[in-house]
Amino acid sequence: MEPTTRERIMEAAIELFGAKGYANVSVRELAAAVGIKPASIYNHFSGKEEILNFILENVAFSTHKGLRAKAFLELEDRIQGKGIHELIDIIFGSFDSEEVERSRKVARILILEQFSSPTVEEFWTGYQYSDAIRVFTQLLELLKKKKKLKPDTNCRLIAEAMIRISASYLVQFAHYQDCLDEGEGLSMMSVLHGMADAICAKNNSEDS
């Protein structure tokens, strides 16, 4: 299916915002990249801010798409019978998707604009931390109810640690994919699974 004009504008904005910065890209430049007249942009968006919001909603959330609050019920079904390692793969595995290069460009926008754009700042403080930590905590609590984690497991503490680790890797991800992939060095997934190993080892030692 051919992308809509709205989607083409978004893709052009991802390229330009990531390369030059949001403030340095004009509507005229966006229109030229898409191959339409500047006035035509306003047939699809009210302006650059709405385009940035559209990027956050449709692409940035996919970086941790499993942690969207409205996806909780779907995730509850997906983790039935699974443990913390599988939960990590479901939540953070979207980094290793076919859209990884596109996600990298959006990550660059987030890094560049987090201190200058109220929209991006709200994304970081609201979704990236508050919402993500809350939902991940709820998912860990489900594992605890299913006896996949010990009753005294501090789910909130684990969720905060893992979300903050993933956020720190996002800075590197804006420029280097290898920090997320399995390979040499400590990738994000290897660090998160290492934490899960430590949690499981503690549980097993208490059982023995």
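# Reading the helices and cores of a predicted model

Tutor: Of the 208 residues of the chain, 48% count as buried, and the model we are looking at is a predicted one.

Student: What makes up the chain, in terms of helices and strands?

Tutor: The chain has ten helices and zero strands, and its pattern, read along the sequence, is α-α-α-α-α-α-α-α-α-α. Among contacts between residues at least 6 apart in sequence, 69% join residues at least 24 apart.

Student: Why are α1 and α2 called oblique to each other?

Tutor: Helix α1, residues 5-20, and helix α2, residues 27-34, pack at an angle of about 125°, with their axes 9 Å apart. Angles over 145 degrees count as roughly antiparallel and those from 65 to 115 as roughly perpendicular, and about 125° falls in neither range, so the two helices are oblique. The crossing in which α1 passes α2 is right-handed.

Student: Which residues of α1 and α2 meet there?

Tutor: From α1 come Arg 8, Ile 9, Ala 12, Ala 13, Leu 16, Phe 17 and Lys 20, and they meet Glu 29, Leu 30, Ala 33 and Val 34 of α2. Sorted by class, this contact has eight nonpolar, no polar and three charged residues.

Student: Why is α1 described as roughly perpendicular to α4?

Tutor: The angle at which α1 and α4 pack is about 95°, and their axes are 10 Å apart. Because angles of 65 to 115 degrees count as roughly perpendicular, an angle of about 95° places α1 and α4 in that class. On the α1 side the contact involves Arg 6, Ile 9, Met 10, Ala 13, Ile 14 and Phe 17, while on the α4 side it involves Lys 48, Glu 50, Ile 51, Leu 52, Phe 54, Ile 55 and Asn 58. These residues divide into nine nonpolar, one polar and three charged.

Student: How do you know that Val 25 is buried or exposed?

Tutor: Val 25 is found in the loop between α1 and α2, and its relative accessibility is 2%. Buried means under 20% relative accessible area, so Val 25, at 2%, counts as buried.

Student: What does Val 25 touch, leaving aside residues up to four places away in sequence?

Tutor: With those set aside, Val 25 touches Leu 16, Phe 17, Lys 20, Leu 30 and Lys 48. Val 25 and Lys 48 are 23 residues apart in sequence, and their C-alpha atoms are 8.9 Å apart in space.

Student: What makes Lys 147 exposed rather than buried, and where is Lys 147 placed?

Tutor: Lys 147 lies in the loop between α8 and α9. Exposed means over 50% relative accessible area, and Lys 147 has 75%, so it counts as exposed. Lys 147 also has a positive phi of about 65° although it is not a glycine.

Student: Which residues touch the most other members of the largest nonpolar core?

Tutor: That core has 30 residues, and those touching the most other members are Phe 17, Leu 30, Ile 41, Ile 51, Ile 55, Leu 110 and Trp 124. Two or more residues are given to this core by each of α1, α2, α4 (48-58), α7 (100-113), α8 (118-145) and α9 (155-173). The element that gives the most is α1, with seven residues. There is also a second, separate core of 29 residues, which includes Leu 149, Cys 155, Ile 165 and Tyr 169.

Key:
Residues are numbered from 1 along each chain as its sequence is written. This is a predicted model: local features need pLDDT of at least 70, side-chain atom pairs count only at pLDDT 80 or more; totals for chains, interfaces and linings use all residues. Side-chain values use heavy atoms; hydrogens and water are left out. Axes are lines fitted to C-alpha atoms, for helices over the stretch in contact, and angles run from 0 to 180 degrees between N-to-C directions. Helices (H or I, at least four residues) and strands (E, at least two) are DSSP runs, numbered from the N terminus. A crossing is left-handed if the near helix is turned anticlockwise from the far one by less than a right angle, and right-handed if clockwise. Contact means heavy atoms within 4.5 Å. Ala, Val, Leu, Ile, Met, Phe, Trp, Tyr, Cys and Pro count as nonpolar, Asp, Glu, Lys and Arg as charged, and the others, Gly among them, as polar. A nonpolar core is a set of buried Ala, Val, Leu, Ile, Met, Phe, Trp, Tyr and Cys residues joined through side-chain atoms within 4.5 Å. Buried means under 20% relative accessible area, exposed over 50%, partly exposed in between (1.4 Å probe, protein chains only).
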